[in-house]
Amino acid sequence: MRIVLVGPPGAGKGTQAAFLAKNLSIPHISTGDLFRANISQGTELGKQAKAYMDAGNLVPDEVTIGMAKDRMEQPDAVNGFLLDGFPRNVAQAEALDAMLDGEGMKLDAVLDLEVPEDEVVKRIAGRRICRNDSAHVFHETYSKPKTEGVCDVCGGELYQREDDSEETVRKRLEVYHTQTEPIIDHYKAQGLVVTISALGKVNDVTERAMEALRGEKAA
Ligand SMILES: [Zn+2]
């Protein structure tokens with residue numbers, strides 16, 4: 001299956017992408033991984049991307065699209081792939097359509113993870129990270145440390161990352177609404193969008209997604 005995963009920040013997209021790709025035996029292709037791989041391997045596209053990033057600029061769509069195309073042509077993607085973080089705007093979605101079209105391929109589904117905005121803010125703004133180890137993660141509501149402000153694992157001080165502040169989260173949501181959400185309408189016109197709720201336990205969300213994708217495949 002060829003799937004695009006979309007959803008706002010805080011929807012648990014990366015986690016779901018990993019589980020779904022495993023269940024469907026297809027590679028999980030995330031833009032973050034694409035960038036890291038191309039830059040560390042020193043590919044031509046990686047060099048271009050790095051030059052933009054080092055200058056503090058956004059990487060242009062054609063560079064991202066080129067990396068995605070190279071990745072989708074790898075042998076492990078012959079039976080499909082799950083794209084995560086790409087396309088992130090309508091221009092990229094149109095470029096992806098054209099690229100797949102050129103290869104005689106089509107997307108099977110666009111899986112839209114839905115989370116109410118207030119829940120997104122609560123999920124992200126409630127995160128507390130340990131100063132000693134960023135893998136020690138707690139949450140004000142969902143995973144409280146035994147002592148407020150203190151890491152259960154190592155006793156380190158817990159803090160809120162600047163990226164996780166409510167103000168930053170609201171800004172990221174705004175970018176999502178204006179840039180990424182329009183691709184849902186773009187794909188709705190192609191009858192590809194499957195929307196599921198991303199609330200609840202990780203396993204339940206994965207199961208819900210698998211069921212929705214099976215329905216889509218049968219349709
Ligand atoms: Zn710690």
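Strand 5 and strand 6 make a hairpin, with six residues lying between them. A word on terms: strands here are DSSP runs of E with at least two residues, helices are runs of H or I with at least four residues, and both are numbered from the N terminus. Two strands count as paired if DSSP finds at least two bridges between them. What you're looking at is a predicted model, where local features need pLDDT of at least 70 and side-chain atom pairs count only at pLDDT 80 or more, while totals for chains, interfaces and linings use all residues. Residues are numbered from 1 along each chain as its sequence is written, and side-chain values use heavy atoms, with hydrogens and water left out.

Back to that hairpin. Strand 5 (residues 127-130) and strand 6 (residues 137-139) run antiparallel, joined by three bridges. Strand 5 also pairs with strand 7 (residues 158-159), again antiparallel, through two bridges. A handy residue to find here is Ile-129: it stands opposite Val-137 in strand 6, and opposite Tyr-159 in strand 7.

Now for another sheet. Strands of a sheet pair through backbone hydrogen bonds, either parallel or antiparallel. This one is an open sheet of five strands in the order 2-3-1-4-8, with parallel pairing. Strand 2 (28-30) and strand 8 (193-197) are at the edges with a single partner strand each, so one side of each has no neighbour in the sheet. On average, neighbouring strands of this sheet are turned by 25 degrees against each other, direction ignored. At one edge, strand 2 and strand 3 pair in the parallel sense over three bridges, and Ile-29 stands opposite Leu-83 in strand 3.

Follow the chain to the start of strand 3 (81-84) and you'll meet Gly-80, in the loop between helix 4 (61-72) and that strand. Is Gly-80 buried or exposed? Its relative accessibility is 0%, so Gly-80 counts as buried (buried means under 20% relative accessible area, exposed over 50%, and partly exposed in between, with a 1.4 Å probe and protein chains only). Setting aside neighbours within four places in sequence, Gly-80 is in contact with Met-1, Arg-2, Ile-26 and Pro-27, where contact means heavy atoms within 4.5 Å.

Next, the helices. Two packed helices are described by the angle between their axes and the distance between the axes. Helix 2 (residues 31-40) packs with helix 3 (residues 44-54) at an angle of about 110 degrees, their axes 7 Å apart. That makes the two roughly perpendicular (65 to 115 degrees; under 35 is roughly parallel, over 145 roughly antiparallel, and the rest oblique). Axes are lines fitted to C-alpha atoms, for helices over the stretch in contact, and angles run from 0 to 180 degrees between N-to-C directions. Phe-35, Asn-38 and Ile-39 in helix 2 meet Leu-45, Gly-46, Ala-49, Lys-50 and Met-53 in helix 3.

Helix 2 has a second partner, helix 4: their axes come within 10 Å and cross at roughly 90 degrees. Helix 2 is therefore roughly perpendicular to helix 4. Here Thr-31, Leu-34, Phe-35 and Asn-38 in helix 2 meet Thr-64, Met-67, Ala-68 and Arg-71 in helix 4.

Finally, some cysteines. Cys-130 counts as buried, at 2% relative accessibility, and Cys-151 is buried too, with a relative accessible area of 3%. Taking a disulfide as a pair of cysteine sulfur atoms within 2.5 Å, the count comes to zero disulfides.
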